[in-house]
Amino acid sequence: MKLCMIGTGYVGLVSGVCFSDLGNDVICVDKDINKINNLKKGIIPIYEPGLEELVLKNYKNKRLNFSTNLKESVLKSDIIFICVGTPTKKNSNSADLTQVFSAGKEISKSINKYKIIITKSTVPLTTGDELEKIIAKKVKKKNFSVVSNPEFLREGEAIRDFIYPDRVVVGSNDVKSRRILKNLYSPLVSKGAKYLSTNRRAAELIKYAANAFLATKITFINEIANLCEKTEIDVEDISIGIGLDKRIGSRFLRAGPAYGGSCFPKDTKAIVSTAEKFKTNLSIIKNVIKSNNNRSDLLLKRLAYIMRNKVKNKNISFLGVTFKANTDDMRDSSSLKLIPYLSRKGAKIKYYDPTGFKKEFKNVKNVKFSNSIQESIKGSDLIIIHTEWNDFKSINFKKFSKNKKLIIYDMRNIFSPSKIKKLGLKYFGIGR
Ligand code: UDX
């Protein structure tokens, strides 16, 4: 089929490339001419393992193309995916849909035959209804369908999550678009993906409810971890012990420094805001947001305890600063609160991250980027493991540090406490 992806961020670029790899003709459209020219040269704007090879392969075999011309691209396509940003509005919890609706308006000027317009970006409940009204101003209802087809892609795993999804969710209010979408996704279904065809509003809500539930699951185990720290229990045992119950499941039960990223913080706020518009109080998700926001303060209190309230002039090494491993994304990473705070307390911080220097810390006093793990660790009094990169799992601390009083604060529980203690080092984890 002929597809057009509007927006070449995580969602648009990954989905577009994967659709082309499944044999469709795909045009990825973006207003940013530099981004488009770079993509044509195989320069990828996002850090996503495996994406560059797929772009080069499909661009070379002409199934994948890039353009800044939305009108022309829409005219050539049967299905148009809206994959633009839906950030949280300033001073509000609701999603900013300006880009979505302006894409809808542009598309409505270029509908020369029946087309399906799909919201792939995460959009609040009833956005499809609004979009349908916008397009209907210019186009007869029989010449288009507006469908919700939310993505469930995790940064760092996006290609795998697209090719091997747990499920494909399509929300459509008409038979014609349902049939076409089922056909589009048949290659994934034949590989074992579950397929749910439902109405448009249900699909919109499924996306938010899924992210809100995952954020709830993570916050749940993070709070259990707080209890474990006070009762000499290892939260990893609790995660395994409850995760073996198939009704709970073992995934997304890893205690950590708080959830971050471009989705959970945004989507939990947006679903609460949408519910308020429908006079519904989502009290659990509200408390998840509050608990997660407070988590950095909790970690800093524990840090003060670990350092015996002596942070000033201490040398602290941060290993990993992004919101999770296998991404370069700093959005809502807990390091954005932890590092500036420790700097204000007089600590001298060196951070190392496999994805390189971070502009976010450029103007923070006494914070330096180190080009290697060893350089970051050298001379440290405290090492904080902030993300769970595989690079960190086999560090030989004795080789890198002569400091007998070195403390390890493992915020991802990637090390065995007994092994670290056998080295004569002090070990603190999360919920341990
Ligand atoms: C998430 C959803 O997983 C994905 O389905 C959706 O499409 C987009 O949002 P992403 O934000 O890329 O994906 O990251 P994810 O892997 O879900 O992690 C989100 C945050 O939760 C990270 O900060 C991560 O460190 C944290 N996390 C995740 C935990 O603390 N514990 C866990 O067990 C899992």
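A charge is said to sit over a ring if NZ of Lys or CZ of Arg is within 6 Å of the ring centre and within 35 degrees of the ring normal. In this predicted model, local features need pLDDT of at least 70 and side-chain atom pairs count only at pLDDT 80 or more, while totals for chains, interfaces and linings use all residues. Residues are numbered from 1 along each chain as its sequence is written, and side-chain values use heavy atoms, with hydrogens and water left out.

The charged end of Arg167 sits over the ring of Phe152, 3.5 Å from its centre, and Lys176 lies over the face of Tyr114, at 3.9 Å from the ring centre. Phe152 also leads to the ligand, since a backbone N or O atom of this residue lies 3.3 Å from a ligand oxygen atom, which falls under the polar contact cut-off (a pair of N or O atoms within 3.5 Å; within protein, one must be able to donate a hydrogen and the other to accept it, and residues adjacent in sequence count only if both atoms are side-chain atoms).

The ligand is surrounded by 19 residues, the closest being Glu155, Lys207, Arg254, Lys324 and Arg412, where a residue counts if one of its heavy atoms lies within 4 Å. A backbone N or O atom of Arg254 lies 2.9 Å from a nitrogen atom of the ligand, and a polar backbone atom of Gly260 is 2.9 Å from a ligand oxygen atom.

Turning to the interior, the largest nonpolar core (buried Ala, Val, Leu, Ile, Met, Phe, Trp, Tyr and Cys residues joined through side-chain atoms within 4.5 Å) has 41 residues, and those with the most contacts inside it are Phe19, Leu51, Phe81 and Tyr185. Its largest share, seven residues, comes from helix 1 (residues 10-21), helices being DSSP runs of H or I with at least four residues, numbered from the N terminus. Leu51 touches Leu13, Val14, Val17, Ile44, Ile46 and Ile159, not counting residues up to four places away in sequence; contact here means heavy atoms within 4.5 Å.

The whole structure holds 14 aromatic pairs, in which rings of Phe, Tyr and Trp (its six-membered ring) have centres within 6.5 Å, with planes under 30 degrees apart counted as stacked, over 60 as edge-to-face and the rest as tilted. Tyr59 and Phe66 form a tilted pair, 5.6 Å centre to centre with 40 degrees between the planes. At 2% relative accessibility Phe66 is buried, whereas Tyr59, at 27%, is partly exposed (buried is under 20% relative accessible area, exposed over 50%, partly exposed in between, with a 1.4 Å probe and protein chains only).

Note on methods:
Helix = DSSP H or I, 4+ residues; strand = E, 2+ residues; numbered from the N terminus.
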